[in-house]
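Colleague: Got a minute to walk me through this model? I'd like to go through it piece by piece.

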Amino acid sequence: MKKEGWSKKQIAQNYELGRPLDAELAITLFEKISEIIKTDYDNKALLDAGCGNGRVTLPISKKYPNLKIVGIDKSEEMLSILKKRIKDNNIGNYKAINSDLSKIDYDENHFDFSLISSVLHSMKNWREILGEIIRVTKRAGFLILISEAGDMYDIGLGYKKSKKRDLMEKFWTKYIELRNKHNIENARDSQVGIRWGLGHPELIANLKKEKNLDSVNDFTIKWKKTFKIRDFMKIVELKCWSSMFTVDDEKYQKIVKDLKEWIKEEKISPDAKCVSNFIVNCEVVKLR
Ligand SMILES: C[S@@+](CC[C@H](N)C(=O)[O-])C[C@H]1O[C@@H](n2cnc3c(N)ncnc32)[C@H](O)[C@@H]1O
């Protein structure tokens, strides 16, 4: 049997490391959504479809104790982290369910909100999953679609060639160079579903075509985040991005080795600081 080149447990534990959206930003997002759609979250139900370890909705459950949250994810590893966090924080309004989104065990028109964050780009059957999410969401309820972009993703996923102006750009350019050197597939090829990027144009077009869309509001939040070179190395070593964990491990370890050597040769301190710009986009879709 082919050895899996990555540990699901390791990814679940370090998931936040490779992703900039944090608790504070999640709360800002939900405050903005509430302003836009002119509603509060009291006694409402929210589905987090593919909730992972609860990165986005766990902070929301603390902030809005009267919002009933259901997180569904097929990864046992992600859910065991989430369940531990729910227990440790004594949270009473979050139910974490280990299940596949292609068959959601709820009646039609159940949820007031369904949140989709960084999920559909890894799913070939995203249309089927979207249909199932819409089925359990109320008519006149809302889909909350979250997408993140940032300079380090743009370079580290090979979307943008950088001018290597600073250390952040140099590091991720080197990483892509090493992927090419070791004949590793293009980082973007790991995305088998919706294209990773800002916004969900394909999804919105699908909702329009299926006549499920009433209206869309969207907004963005921009911020900067500082990382150390050792954080970038951890993202790479722990294979935090999906474009990393799908790579054959033997080949992948060559990148890790070469990157470490490059850091030594260039005399870069592991504590050297790098800044990346980020942007999160939120589309609030009213269903009909
Ligand atoms: C990139 S993570 C995003 C997690 C979370 N939404 C966030 O933004 O932090 C994608 C998650 O979708 C889950 N997932 C992928 N396909 C799924 C499916 N068919 N059913 C349930 N969960 C799924 C994965 O297990 C993983 O935890």
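Colleague: Which residues of strand 1 point one way, and which the other way?
Modeller: Bear in mind that this is a predicted model. In a regular strand the side chains alternate between the two faces of the sheet. Leu46 and Asp48 share one side of strand 1, and the other side has Ala45, Leu47 and Ala49.

Colleague: Is strand 1 enclosed or open, and how many of its residues are buried?
Modeller: A residue needs 20 or more other C-beta atoms within 10 Å of its own to count as buried. Both sets of side chains pass that test, Asp48 included. So strand 1 is largely enclosed by the rest of the structure, the buried count being 5 of the 5 residues.

Colleague: What about strand 2, how many of its residues are buried, and how do the two strands run?
Modeller: Strand 2 covers residues 68-73 and is mostly covered, with 5 of its 6 residues buried. As for the pairing, Ala45 sits opposite Lys68, while Asp48 faces Gly71. The two strands are joined by 5 bridges, and their direction is parallel.

Colleague: Which residues does Leu47 touch, skipping those up to four places away in sequence?
Modeller: Leu47 is one of the buried residues of strand 1. A contact here takes C-beta atoms within 7 Å. With the close sequence neighbours left out, the list is Val70, Ile72, Phe111, Ser114, Leu115 and Val136.

Colleague: Which residues have the most contacts inside the largest nonpolar core?
Modeller: In soluble globular proteins, nonpolar side chains tend to be buried together. The largest such core here has 49 residues. Those with the most contacts inside it are Leu46, Leu47, Ala49, Leu82, Leu115, Ile116 and Ile144.
Colleague: And how many residues are in the second core?
Modeller: That one is separate, and its members include Ile184, Cys240, Val247 and Leu259. Its size is 25 residues.

Colleague: Zooming out, what is the radius of gyration of the chain?
Modeller: The C-alpha atoms fill a box of roughly 60 × 40 × 40 Å along the principal axes. For 288 residues, a compact globule would come out near 19 Å. The chain agrees with that, because its own value is 19 Å.

Colleague: What share of the contacts is long-range, say residues 24 or more positions apart?
Modeller: The chain has 11 helices and 7 strands, and 35% of its 288 residues count as buried. Take the contacts with a separation of 6 or more as the base. Pairs 24 or more positions apart then account for 80%.

Colleague: Now the ligand: which residues are closest to it?
Modeller: The ligand is surrounded by 18 residues. By type, that shell divides into 7 nonpolar, 7 polar and 4 charged. The closest are Gly50, Gly52, Lys74, Ser75 and Ser117.

Colleague: I always check the backbone angles. What is phi at Lys211 and at Lys239?
Modeller: Most residues other than glycine have a negative phi. Both of these lysines go the other way. Lys211 is at about 60 degrees, and Lys239 is near 55 degrees.

Colleague: Buried or exposed, for Lys211 and Lys239?
Modeller: Lys211 is in the loop between helix 8 and strand 6, and Lys239 in the loop between helix 9 and helix 10. Lys211 has 8 other C-beta atoms within 10 Å, whereas Lys239 has 22. With the buried cut-off at 20 or more and the exposed one at 12 or fewer, Lys211 is exposed and Lys239 is buried.

Colleague: How far is Val275 from Thr226, C-alpha to C-alpha?
Modeller: Val275 is in strand 7 and counts as partly exposed, with 13 C-beta neighbours inside 10 Å. Beyond its sequence neighbours, Val275 is in contact with Met168, Lys224 and Thr226. Val275 and Thr226 are 49 residues apart along the chain, yet the C-alpha separation is 4.4 Å.

Colleague: Which residues does Lys273 touch, again leaving out those up to four places away?
Modeller: Lys273 is in strand 7 too, and it is partly exposed with 13 other C-beta atoms within 10 Å. Ile263 is 10 residues away in sequence and 13 Å away in space, C-alpha to C-alpha. The residues Lys273 touches are Thr226 and Lys228.

Note on methods: Residues are numbered from 1 along each chain as its sequence is written. This is a predicted model: local features need pLDDT of at least 70, side-chain atom pairs count only at pLDDT 80 or more; totals for chains, interfaces and linings use all residues. Helices (H or I, at least four residues) and strands (E, at least two) are DSSP runs, numbered from the N terminus. A residue is near a molecule or strand if its C-beta atom, placed from the backbone, lies within 6 Å of it. Ala, Val, Leu, Ile, Met, Phe, Trp, Tyr, Cys and Pro count as nonpolar, Asp, Glu, Lys and Arg as charged, and the others, Gly among them, as polar. Two residues are in contact if their C-beta atoms, placed from the backbone, lie within 7 Å. The radius of gyration is taken over C-alpha atoms; the globule rule is 2.2 Å times the number of residues to the power 0.38. A nonpolar core is a set of buried Ala, Val, Leu, Ile, Met, Phe, Trp, Tyr and Cys residues joined through C-beta atoms within 7 Å. Two strands pair if DSSP finds at least two bridges between them.
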